[in-house]
Amino acid sequence: HARGGGARALCAAGEDERGEASLFYAATLCLNARNSVSLLEHRGDALRVVSSHAHLEEVWDIAWARGETQQGARGGVLATAYNDPKNGGRAGALYTAPGGERGELERVCGLRGGTRRVCFGEGGALAAVGAEAVAAYDVNAGAERGSWGVAGHSEAFAELGAAAWDPHSGGGSGRVGVAAGRSLFLVDARSGELREGVPRAHSMRCRALAFNPRRENIVATGGDDCRVRVWDLRRASEPVEDFGGGAGAHSHWVWTLAYSPQHEALLASGGSDGAVCLWLCGQGGGALSRAGSLTEPLSPQSAAGTGVNGAASMGLACAYDAHQDSVYSLGWCAADEFCICSLAYDGTAVVSQVPRAAKFAALQA
């Protein structure tokens, strides 16, 4: 556990030089205390704070990417979206990623005013998403490439949930997914075209999204209806899978989603019920086995979880009960493909292991 003040923002940050430890950045959201960005390290069974770096305002979102700016950020770059009390709203900034030494964050450039969500794409691409505009930046140059308004969808973008680059769309020349209102929107970073990729993805507000890292056009969303849905953007009239309800599933809003980078069958979600859920998906986001389904979620130590004739089943593989507060961020461990880190609002970060049966199912998918 790594404890601090109120917190909502966490991102995976690769592994150490020897590939033995997983790294994360976590940031605080404290109204009446000093805010910071901390470098966390998970090695073996231990999670520890390596260093903390002052951040002037409360951080709502954080993202990390490998790369080098003109200032020589060889350890990567960080972007944050934070409160901007001087202008009565939100703002964003790009920094060189701090290492193990304590000190101030080195600012590269500011991002467009009103920034509420930040996300990196391939090739030095960065998107800053707000209620009124979506802006794209070239991290290598530290400069804005373009920005586009959200005319016609301002009501939805006033309820902005999450943003992510589509990993299959070509980095800076590709597209950005945005969860806003009840829908999933797609923004073309070349033309600025904005369209609803999945209209009314949820019956209530859509707060979370994650692109499948290995399969094009497959994206997961989570919402206030307590459901996790997987979509094929080519046929988005109905979800490929619709997870939720039943024992162990989310009982309140779903705030965050994360696909395993190595195993597309593993999808994790976190919510304001304090739960972290692990879902088993199959090829193209579909079920691993439609012949049977999990009637009860597994414990993290369980070796069960197979359907008819021993085939791995779709649905909720495991429900982790490690937090006492809302879970807002997730990140998979780079040095251990079957561990995931979750961050709750009370500042508690926890690393959980994938159950043995779910590991086997993922390896067989």
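S342 is placed in strand β26, which covers residues 339-344. In this predicted model, the residue is buried, with a relative accessible area of 2%. The side chain of S342 makes a polar contact of 2.7 Å with that of H323. Beyond its neighbours within four places in sequence, S342 is in contact with H323 and also with V276, V327, S329, L330, T348, A349 and V350.

One of these partners, L330, leads into the interior of the chain. The largest nonpolar core comprises 20 residues, and L330 is among those with the most contacts inside it, together with L266, L278, W332 and V354. Two or more residues of this core come from each of β22 (266-271), β23 (276-280), β24 (315-320), β25 (327-332), β26 and α2 (356-364). Not counting residues up to four places away in sequence, L330 touches I340, C341 and S342, as well as L10, T256, L257, A258, A268, S269, G270 and V276. Another core lies apart from this one; it has 19 residues, including I62, W64, A93 and L105. In soluble globular proteins, nonpolar side chains tend to be buried together.

Aromatic rings provide a further set of links, with five aromatic pairs in the structure. F157 and F185 have ring centres 5.2 Å apart and planes at 55°, so this pair is tilted. Because F157 belongs to helix α1 (residues 154-157) and F185 to strand β15 (residues 183-188), the pair ties together parts that are 28 residues apart in sequence. F157 is buried, at a relative accessible area of 0%, and F185 is buried as well, at 2%.

Y328 and Y345 form an edge-to-face pair, with 6.1 Å from centre to centre and 80° between the planes. Y328 lies in strand β25 and Y345 in the loop between β26 and β27 (349-353), so the pair joins parts that are 17 residues apart in sequence. Y328 is buried, with a relative accessible area of 15%, whereas Y345 is partly exposed, at 34%. Ring pairs also connect these two tyrosines with W253 and W255 in a cluster.

The chain as a whole contains two helices and 27 strands. Of its 365 residues, 59% count as buried. Among contacts with a separation of 6 or more, 48% are between residues 24 or more positions apart. The accessible surface of the chain is about 15100 Å², and carbon and sulfur atoms account for 43% of this area. An unreviewed UniProt entry places the feature "repeat: WD" at residues 199-241 and 247-279. The span 247-279 is 0% helix and 48% strand, and its end C-alpha atoms lie 13 Å apart.

Technical notes. Residues numbered from 1 in each chain as written. Predicted model: local features only at pLDDT ≥ 70, side-chain atom pairs only at ≥ 80, totals over all residues. Heavy atoms only, no water. UniProt positions renumbered as here; feature names shortened; annotations may be inferred. Helix = DSSP H or I, 4+ residues; strand = E, 2+ residues; numbered from the N terminus. Buried < 20%, exposed > 50% of the residue type's maximum accessible area, 1.4 Å probe, protein only. Contact = heavy atoms within 4.5 Å. Areas by Shrake-Rupley, 256 points an atom, 1.4 Å probe, with all protein chains shown as cover. Polar contact = N/O pair within 3.5 Å; in protein donor to acceptor, adjacent residues only side chain to side chain. Core = buried A, V, L, I, M, F, W, Y, C linked by side-chain atoms within 4.5 Å. Phe/Tyr/Trp six-rings, centres within 6.5 Å; stacked < 30°, edge-to-face > 60°.
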